[in-house]
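Biologist: Let us go through this one by question and answer. Please show me the structure before we begin.

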Amino acid sequence: MITDEIHKSHSILIASHTQPDGDAIGSMLSLGVALKSLGKKVTLYNESPIPAIFRFLPSVNLIVAEAGNLGNYDMAIILDCGDLQRIGKISDDIHQIPVIINIDHHITNTEFGTTVMVDSTACATAEIIYRLIKDLGATIDKTIANALYTAILTDTGSFLFQNTNSAAFSISSEMVSKGADPYIVAQYVYATYSLGRLKLLNMVLDTIDISENGKLSTMFLSQKMLMETGTQLEDIYGLVNYAKHIEDVQVAALIRETHPGVNGKGTFHVSLRSSGAVDVSKIASELGGGGHCNAAGFKAESMTLSDLKKKIFILAKAL
Ligand code: 5GP
Ligand code: MN
């Protein structure tokens, strides 16, 4: 039993994926605060900075970018990661920690770790964390309530995406009764865009391209656009959805240049979004990535942008 394993452990490292989203952050914070209340020594680790829109969360400063000596932990809990590499550079040494618990809701999860707790029917990793906190017998305070609510709100796209299930509403309702404030959360998460972010949106919308059959759209985001608008990676959150909302479009791809590269051959990350029955996690897995049915991604290396776009547009033929 995972609860027995946790009760037996003393020093726990909780980590989630680089470029953390609301689910990664909210799951870490809620589990971290719950385990602390049970007397555990807990380190919350994320390699990347916490996006400004999530920095209002109570106790967010518990999340640090240094894990310290991995030999000092007797357990690692990895959250919201489809594969171990998603935690970033510490993935190479994480096996120094004897017990690795993998808690996730990605359908493409590789089942890494010594204990696997994957539920692809969960709306968010936070749904699994909610159940775990209850099973552990910890009390849900205001900090945990805000963290779990924010995680579920953002991972379900404000209860609009296909992963929105009954638990999304019932847990959210309970969290509001325990101190989560939907208005405050919405103000920080959705109403604090910088001017640069809107200018970036303008530039990215300008790159929209549609396949011949109208079923697939692409958008492109370069390093130069980020520089010119003074924005960071965190400002990209949600951009891909604009290309998905076009009528007839079933799959939207946001191509992000990660390194400009040489001779026009760069490195890219592609975010895929689909509506309805199209399973983009299958497409992403075939291209070396992974994700969920309606939200997935993959990386492309030493390719020109035009070759990458051709490769993506071929996918439209099967739609
Ligand atoms: P996003 O497009 O927001 O970066 O990611 C959407 C979903 O796809 C996330 O749940 C994420 O876990 C997954 N994903 C995105 N990029 C990759 C990737 O390169 N590899 C894997 N395995 N999953 C990815
Ligand atoms: Mn998630």
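Modeller: A term before the metal site: donors are N, O and S atoms within 2.8 Å of the metal, and water is not among the atoms, so sites may look incomplete. Bear in mind that this is a predicted model.

Biologist: Which residues coordinate the manganese ion (ligand 2)?

Modeller: The coordinating atoms lie at 2.2 to 2.4 Å from the manganese ion (ligand 2). Those distances fall within the 2.8 Å cut-off for donors. Three aspartates give OD atoms and a histidine gives NE2. The donors are D23, D80, H105 and D155.

Biologist: How are the donor residues of the manganese ion (ligand 2) spaced in sequence?

Modeller: Take D23 and D80 to begin with. D23 is in helix α2 (residues 22-37), while D80 is in the loop between β4 (75-79) and β5 (100-104). The two are 57 residues apart and link distant parts of the chain. The full spacing reads D-x56-D-x24-H-x49-D.

Biologist: Are D23 and D80 buried or exposed?

Modeller: The cut-off for burial is a relative accessible area under 20%. D23 and D80 both meet it, so the word for each is buried.

Biologist: What kind of aromatic pair do F54 and Y237 form?

Modeller: The count of aromatic pairs comes to four. In the pair of F54 and Y237, the ring centres are 6.4 Å apart and the planes stand at 75 degrees. An angle over 60 degrees sets the class. The pair is therefore edge-to-face.

Biologist: How many residues apart are F54 and Y237?

Modeller: F54 sits in the loop between β2 (41-45) and β3 (63-64). Y237 sits in the loop between α8 (223-229) and α9 (240-244). This pair links distant parts of the chain, and the separation is 183 residues.

Biologist: What is the relative accessibility of Y237?

Modeller: Its partner F54 is buried, with a relative accessible area of 2%. Y237 counts as partly exposed, because its value lies between the cut-offs of 20% and 50%. For Y237 the value is 28%.

Biologist: Which side chain makes a polar contact with the side chain of K309?

Modeller: K309 is in helix α11 (residues 305-316). Leaving out residues up to four places away in sequence, K309 touches D209, T218 and I255. The polar contact, at 2.8 Å, is with the side chain of D209.

Biologist: How far apart are the C-alpha centres of domain 1 and domain 2?

Modeller: The domain assignment gives domain 1 (2-190) and domain 2 (195-318). Across the boundary, 13 residues of domain 1 are in contact with 13 residues of domain 2. The C-alpha centres are separated by 27 Å.

Technical notes
Residues numbered from 1 in each chain as written. Chains lettered and ligands numbered in written order. Predicted model: local features only at pLDDT ≥ 70, side-chain atom pairs only at ≥ 80, totals over all residues. Heavy atoms only, no water. Phe/Tyr/Trp six-rings, centres within 6.5 Å; stacked < 30°, edge-to-face > 60°. Helix = DSSP H or I, 4+ residues; strand = E, 2+ residues; numbered from the N terminus. Buried < 20%, exposed > 50% of the residue type's maximum accessible area, 1.4 Å probe, protein only. Donors = N, O, S within 2.8 Å, 3.2 Å for Na, K, Ca; no water. Polar contact = N/O pair within 3.5 Å; in protein donor to acceptor, adjacent residues only side chain to side chain. Contact = heavy atoms within 4.5 Å. Domains from an automatic or database assignment.
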